[in-house]
Amino acid sequence: ASLLLLASAGYRMGLYVTYYGFSYEKFFASYTVIYCAILFIWLIIKLFAKQRANILKFLIVLFLWMYSIVAIFPVEQFILRANIALSNIKESRIRLFEMTMLSPDVLSSVKKYQQQGLLKEKTGYLSREKENKQDKDFDWQPWIERQEKIISDKIWYEKNLINIVSSAKSR
C-alpha cells in the first residue's frame with residue numbers, strides 16, 4: 001500500500017513539475033520521493049531474502065549517500081535548465097520570471113540564456129494578470145544588476161567557485 005501511495009505521489013509530483021516547473025520545494029519533494037522509492041524497493045527485496053537485513057544501517061547509509069549527492073548537486077542550475085526546457089511544452093504554465101528567486105549562482109547562465117532569447121515568457125498570463133502586465137516580457141536586467149552587486153559586495157572568503165567564475169567572465 002505504501003508503494004502504491006508513493007507511486008501516486010511521484011506521478012502527481014511529475015505532473016505538477018511538468019506544467020508548473022521546478023522550485024526548491026518541488027525539487028526536494030521529488031528527491032524525497034526518490035529516497036522513499038529506493039528504501040521501499042530495498043525493503044521488498046530484503047523481504048524475500050533468507051538472511052536478516054540491518055534496516056537501521058541501510059537507512060543511515062542511504063541517507064548519508066543521498067545527502068552527500070544533494071549537497072554537491074547544483075540544484076539552482078538544475079532548476080533553471082529544467083524550467084527553461086519545460087517551458088517549451090505547449091500546455092506549460094511555467095513563468096520564467098519567477099526564477100528570480102534563485103541566487104547569484106545562476107547569474108552567468110541567466111546572462112547567457114538572456115542573450116540567446118530563451119528567457120522570454122512562453123505562457124499566456126491569467127486574465128486577471130493580463131490587465132496588469134499587458135503581456136509584455138519581463139526585464140531581467142534589474143535582477144542581473146542586483147545579483148552582480150551582491151557578488152561584488154561579498155568578501156573573498158564568502159564567494160564560491162561559481163561566483164568567482166562568473167565575475168571573471170564578466171570582466
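This passage walks through the overall fold of the protein and then turns to two of its residues.

The model described here is predicted. Its secondary structure consists of eight helices and zero strands, and reading along the sequence gives the pattern α-α-α-α-α-α-α-α. The protein has 171 residues, and 32% of them are buried. Contacts across the chain are also informative: of those between residues at least 6 apart in sequence, 70% join residues at least 24 apart. On the outside, the protein exposes about 11900 Å², and 62% of this area is supplied by carbon and sulfur atoms.

A good place to look at the surface is Tyr 11, which lies in helix H1, spanning residues 2–20. Tyr 11 has a relative accessibility of 56%, so this residue counts as exposed, the cut-off for that class being over 50%. Tyr 11 also belongs to a nonpolar patch on the surface, formed together with Leu 15, Tyr 16, Tyr 19, Tyr 20 and Ile 89. Taken together, these residues have about 580 Å² of accessible area.

Ser 92 offers a contrasting view. This residue sits in a loop, between helix H4 (75–86) and helix H5 (107–116). Is Ser 92 buried or exposed? Its relative accessible area is 7%, so Ser 92 is buried, since that class takes in values under 20%. The side chain of Ser 92 also has a partner to look for in the structure: the backbone nitrogen of Ile 94, which it reaches at 3.2 Å.

Key. Residues numbered from 1 in each chain as written. Predicted model: local features only at pLDDT ≥ 70, side-chain atom pairs only at ≥ 80, totals over all residues. Heavy atoms only, no water. Helix = DSSP H or I, 4+ residues; strand = E, 2+ residues; numbered from the N terminus. Buried < 20%, exposed > 50% of the residue type's maximum accessible area, 1.4 Å probe, protein only. Polar contact = N/O pair within 3.5 Å; in protein donor to acceptor, adjacent residues only side chain to side chain. Patch = residues over 30% accessible without salt bridge, like charges linked within 9 Å, V, L, I, M, F, W, Y side chains within 5 Å. Areas by Shrake-Rupley, 256 points an atom, 1.4 Å probe, with all protein chains shown as cover. Salt bridge = Lys/Arg side-chain N within 4 Å of Asp/Glu carboxyl O. Contact = heavy atoms within 4.5 Å.
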